[in-house]
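Colleague: Please put the model up, and then take me through it one question at a time.

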Amino acid sequence: MPENPCLFCDRRDEKKHRIIVENELAYARWDNFPVSRGHLEVVPKRHVESFFELEEEELLHLYALLLHVEQLVDAEFGPNGYNIGINEGVAAGRTVHHLHIHLIPRYNGDVTNPRGGVRNIIPGKGDYLKK
């Protein structure tokens with residue numbers, strides 16, 4: 001049963017959401033607290049907490065939206081790369097208990113040393129080649 005109220009289940013509230021595009025089983029929205037220009041989230045319409053609970057058809061719809069919004073972000077913001085991430089579980093930082101996939105545009109120079117990418121979520125583990 002979803003938390004009451006679930007932010008992502010209540011997708012019709014325009015004060016909470018700026019929905020970009022949707023398909024039958026998922027929608028994409030701008031992140032309310034973006035870490036970069038163009039940061040968005042792709043969300044299944046069904047209340048599901050874990051990526052590992054997705055049905056195959058939902059996964060395909062999420063992937064289709066990721067491909068679509070990546071093109072939109074490329075055209076509007078021109079990023080140099082992306083991080084794609086899911087906070088799977090509270091230990092991984094999940095604060096909204098409804099699956100959502102972050103598409104975070106990255107720009108040359110947005111951090112001093114981007115080496116290691118998502119490995120940087122654990123302090124000191126990003127640049128694994130640094131001695």
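Colleague: Which residues does Asn83 touch, not counting residues up to four places away in sequence?

Modeller: This is a predicted model, in which local features need pLDDT of at least 70 and side-chain atom pairs count only at pLDDT 80 or more, while totals for chains, interfaces and linings use all residues. Residues are numbered from 1 along each chain as its sequence is written, and side-chain values use heavy atoms, with hydrogens and water left out. A contact means heavy atoms within 4.5 Å. Leaving out residues up to four places away in sequence, Asn83 touches His102, Leu103, Ile104, Arg106, Gly117 and Val118.

Colleague: Is Asn83 buried or exposed?

Modeller: Asn83 sits in strand E4; strands are DSSP runs of at least two residues, labelled E and numbered from the N terminus. Buried means under 20% relative accessible area, exposed over 50%, and partly exposed in between, with a 1.4 Å probe and protein chains only. The relative accessible area of Asn83 is 16%, so the residue counts as buried.

Colleague: What distance separates the C-alpha atoms of Asn83 and Arg106?

Modeller: Asn83 touches Arg106, although the two are 23 residues apart along the chain. Their C-alpha atoms are separated by 7.0 Å.

Colleague: In what order do the strands of the open sheet lie?

Modeller: Strands of a sheet pair through backbone hydrogen bonds, either parallel or antiparallel. Two strands count as paired if DSSP finds at least two bridges between them. Here five strands form an open sheet with antiparallel pairing, in the order E1-E2-E3-E5-E4.

Colleague: Which are the edge strands?

Modeller: An edge strand of this sheet pairs on one side only. That description fits E4 and strand E1 (19–22).

Colleague: How many bridges pair E4 with E5?

Modeller: E4 and E5 pair in the antiparallel sense. Tyr82 has Pro105 in E5 as its bridge partner. The number of bridges between E4 and E5 is five.

Colleague: Which residue in E5 stands opposite Glu41?

Modeller: Strand E3 (residues 40–44) pairs with E5 in the antiparallel sense over three bridges. Five of the six residues of E5 are buried, so this strand is largely enclosed by the rest of the structure. Opposite Glu41, in E5, stands His102.

Colleague: Which strand gives the most to the lining of the largest pocket?

Modeller: A pocket is an open set of points, on a 1 Å grid over the protein atoms alone, where a 1.4 Å probe fits and protein lies on both sides within 12 Å along at least five of seven lines; lining residues have an atom within 4 Å of a point. The largest pocket holds about 550 Å³ of space, a volume being the space filled by probe spheres set on the grid points, which are joined across faces, edges and corners. Of its 20 lining residues, Asn83, Gly85, Ile104, Val118 and Ile121 are closest to the centre. With four residues, the strand that gives the most to this lining is E5.

Colleague: And which residues are closest to the centre of the second largest pocket?

Modeller: The second largest pocket has a volume of about 180 Å³. It is lined by 14 residues, and those closest to its centre are Asp31, Glu41, Thr95, His100 and His102.
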